[in-house]
Amino acid sequence: MNSQGIRGPSYRLIHGNTKEILNMRTATMNKPMGLSHNIFPRLQPHLHSWLNIYGRNVLMWYGSQALLVITESEYAQEVLNDKERSYPKTDTNGFLKKLLGDGLVTSKGEKWAKQRKLANHAFYAESLKNMVPAMIESVEMMLERWKHHEGKEIEPVLEEYR
């Protein structure tokens, strides 16, 4: 990986980088968080730090298992296109499974292929062109509702915008 320009924190026998990750998470969670929408450094402090140190692609270790984190769109596109079997996905459980659901990101095999095929149709240029008027109308309605909140903070109520 190093010869391909992919670097990361060095491997530690048995536990890999898990102790470092735990220490970084504990340190950030012990500090109060200011009012900001920038929550990535707080939720994933190890990735935030390592992406800044090692670049846009990082090799890290969960125990003896290597984990390649990619943030460059070309590589993500390659993974999502047709090489699903070449890049196995880890099983998602608990909160992460509830958050991500059972869609393209988490599914595997035939289920992934079927969902990918269905999702492809939504992103054809003609389909997207047909959606533009509905998107514009939706945004205009939202902006109209926000006019009487000018200068105030707005708390989103999702049901209101359905």
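**View 1. The largest pocket of the predicted model and the residues that line it.** In this predicted model, the largest pocket has a lining of 38 residues, and among these L67, L68, V69, I70 and T90 lie nearest its centre. Two or more lining residues come from each of the elements α2 (40-43), α3 (45-54), β1 (57-62), β2 (65-70), α4 (73-81) and α5 (94-100), and of these β2 gives the most, with 6 residues. The volume of the largest pocket is about 1,700 Å³, and its lining, sorted by class, holds 24 nonpolar, 10 polar and 4 charged residues.

**View 2. The aromatic pair formed by Y11 and W61.** A search of the whole structure finds 1 aromatic pair, in which Y11 and W61 meet edge-to-face, with 4.9 Å from centre to centre and 65° between the planes. The pair links distant parts of the chain, since Y11 belongs to the segment before α1 whereas W61 belongs to strand β1, and the two are 50 residues apart. Y11 has a relative accessible area of 35% and is therefore classed as partly exposed, the class that lies between the limits of 20% and 50%.

**View 3. The surroundings of N17 in the segment before α1 (18-29).** N17 has a relative accessible area of 0% and is therefore counted as buried, a term that applies under 20%. When residues up to four places away in sequence are not counted, N17 touches P9, S10, W50, M60 and W61; of these contacts, W61 is also the partner of Y11 in the aromatic pair.

Technical notes. Residues are numbered from 1 along each chain as its sequence is written. This is a predicted model: local features need pLDDT of at least 70, side-chain atom pairs count only at pLDDT 80 or more; totals for chains, interfaces and linings use all residues. Side-chain values use heavy atoms; hydrogens and water are left out. Helices (H or I, at least four residues) and strands (E, at least two) are DSSP runs, numbered from the N terminus. Buried means under 20% relative accessible area, exposed over 50%, partly exposed in between (1.4 Å probe, protein chains only). Contact means heavy atoms within 4.5 Å. On a 1 Å grid over the protein atoms alone, a cavity is a set of points where a 1.4 Å probe fits but cannot get out, and a pocket is an open set with protein on both sides within 12 Å along at least five of seven lines; lining residues have an atom within 4 Å of a point. Grid points are joined across faces, edges and corners, and a volume is the space filled by probe spheres set on the points. Ala, Val, Leu, Ile, Met, Phe, Trp, Tyr, Cys and Pro count as nonpolar, Asp, Glu, Lys and Arg as charged, and the others, Gly among them, as polar. Rings of Phe, Tyr and Trp (its six-membered ring) pair if their centres lie within 6.5 Å; planes under 30 degrees apart count as stacked, over 60 as edge-to-face and the rest as tilted.
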